[in-house]
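Let's take a walk through a structure and see how its helices sit against each other. Have the 3D view ready and turn it as you read.

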Amino acid sequence: DPIAMLLNGDAPVENSARVIAVQKALIKAGFVLKADGVMRPSTRQALEGFERERKPPVTGEFNPRTLRELSQRTGIAIP
C-alpha cells in the first residue's frame, strides 16, 4: 500500500534498481537488511554504519564518494 509506505517513511525512491544495488552491497559488506528496493530506515542506518567505518562524512545518503567506496569494497556495480 503506497499510502501506508509514505506514512511509515518507507516510500520508494525514484531509482529502486540503485537502492537494490546499494542494499546488496551493504549486505555483502556485512550489514543486515532486506534488499527490496525501498529506502527504509534500516538501509539508511546501514549506509551510515558503512560511512562510519570508511570515514567519509556520515550522511546516510547516496553520495558519490560513499557509493564509489561501497562498490569498490564489495565488487558490486551501483548504477
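What follows looks at how two helices pack, and then at the sides of one of them.

Keep in mind that this is a predicted model. Two packed helices are described by the angle between their axes and the distance between those axes. Here, find helix 2 (residues 16-28) and helix 4 (residues 64-74): they pack at an angle of about 55°, and their axes are 9 Å apart. That angle makes helix 2 oblique to helix 4. As for the handedness, helix 2 passes helix 4 in a left-handed crossing.

So who touches whom? On the helix 2 side, you'll find Arg18, Val22, Ala25, Leu26 and Lys28, and they meet Leu67, Leu70 and Thr74 in helix 4. Sort the residues of this contact by character and you get five nonpolar, one polar and two charged.

Now stay with helix 4. Which of its residues are buried? They are Thr66, Leu67, Glu69, Leu70 and Thr74. Look down the axis of helix 4 and these buried residues fall within an arc of 165°, so they line one face of the helix. It helps to know that an α-helix has 3.6 residues a turn, so residues three or four places apart point the same way.

What lies over that buried side? The cover of the buried residues includes helix 2 and also helix 3 (41-54). Flip to the face of helix 4 turned away from its buried side, and there you meet the exposed residues Pro64 and Gln72. Finally, step just past the end of helix 4: Gly75 takes a positive phi of about 80° there.

Technical notes:
Residues numbered from 1 in each chain as written. Predicted model: local features only at pLDDT ≥ 70, side-chain atom pairs only at ≥ 80, totals over all residues. Heavy atoms only, no water. Axes fitted to C-alpha atoms, helices over the stretch in contact; angles between N-to-C directions. Helix = DSSP H or I, 4+ residues; strand = E, 2+ residues; numbered from the N terminus. Parallel < 35°, antiparallel > 145°, perpendicular 65-115°, else oblique. Left-handed = near helix turned anticlockwise from the far one by under 90°. Contact = heavy atoms within 4.5 Å. Nonpolar A, V, L, I, M, F, W, Y, C, P; charged D, E, K, R; others polar. Buried < 20%, exposed > 50% of the residue type's maximum accessible area, 1.4 Å probe, protein only. Arc of directions from axis to C-beta.
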